[in-house]
Amino acid sequence: LSENDSVMKDLLLIPARSGSKGVPGKNIKPLYGRPLIYYTLDAAKSVASAEDICVSSDSDEIIQMVMAYGLDVPFKRPGSLATDTAGSYEVILHAIHFYEQRGKLYDRVVLLQPTSPFRTGTHIREALALYQPGLDMVVSVRMSHANPYFNLFEENPEGLLTRSKSGNFVRRQDCPAVYEYNGAIYIMNVESLKKGPHSQFSKIRKYVMTEEDSIDIDTKFDWMIAEAILSERSAS
């Protein structure tokens, strides 16, 4: 870790609620023989000590599986923070306040969603190295195939499609690069979080990941792709 990182206190937060419509029970469903959440636990354990890793879950089954993998789970997430409408911001603040009430103060929250099985400890360390004081967040992204200057359109009042952003580009590769959050890593300034949700942050630096490592499992199709990649990697 850099000198900057050595003075920063990080909470690695893994949100893992029980409900999931796209892939029921996906957080502990076996992906290529291992519970999905174990891939993220491995990444977290390679970066931080166990006392600074927090799995926030409303599920007794998930909590038991995490503890069986060698990590303590300091609390069970309140049901009000585990609904389909509950936002990640409230879940993050709940964890921060839990530790503050016990005298543990963190400078950054590293949010790691269990649905990114190809995000590794190396990715996390590289993203942490991009963080600088004054930033609100470092976030992992992937290059987007869709581009508002080229192949993204909006409907105008007449019901006709117009390009989202104007520009005279003949080829997509000539357009300004655009990025999309891939959901794998969010490194957030705790002081910034206390001022408002991370969706309102303005000082954000990107950490670019490959398309393959950016896979975020939300649907059965995503699950099939992840299984195929893991199968291919184990065979090579």
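**Exercise 1.** Determine whether helix 2 is largely enclosed or not, working from its buried residues.

*Solution.* Start with the terms: helices are DSSP runs of H or I with at least four residues, numbered from the N terminus. Buried means under 20% relative accessible area (1.4 Å probe, protein chains only). Next, list the buried residues of helix 2: L36, I37, Y38, Y39, T40, L41, A43 and A44. These are 8 of the 10 residues in the helix, which spans residues 36-45, so helix 2 is largely enclosed by the rest of the structure.

The model is predicted: local features need pLDDT of at least 70, side-chain atom pairs count only at pLDDT 80 or more, and totals for chains, interfaces and linings use all residues. Residues are numbered from 1 along each chain as its sequence is written, and side-chain values use heavy atoms, with hydrogens and water left out.

**Exercise 2.** Describe the largest cavity by its volume and its lining.

*Solution.* On a 1 Å grid over the protein atoms alone, a cavity is a set of points where a 1.4 Å probe fits but cannot get out, and lining residues have an atom within 4 Å of a point. Grid points are joined across faces, edges and corners, and a volume is the space filled by probe spheres set on the points. Searching the whole structure gives 1 cavity of 30 Å³ or more. The volume of the largest cavity is about 30 Å³. Its lining consists of L11, I96, Y99, E100, K104, Y106 and V109. Helix 4 (residues 88-100) supplies the largest share, 3 residues.

Methods:
Buried means under 20% relative accessible area, exposed over 50%, partly exposed in between (1.4 Å probe, protein chains only). Helices (H or I, at least four residues) and strands (E, at least two) are DSSP runs, numbered from the N terminus. On a 1 Å grid over the protein atoms alone, a cavity is a set of points where a 1.4 Å probe fits but cannot get out, and a pocket is an open set with protein on both sides within 12 Å along at least five of seven lines; lining residues have an atom within 4 Å of a point.
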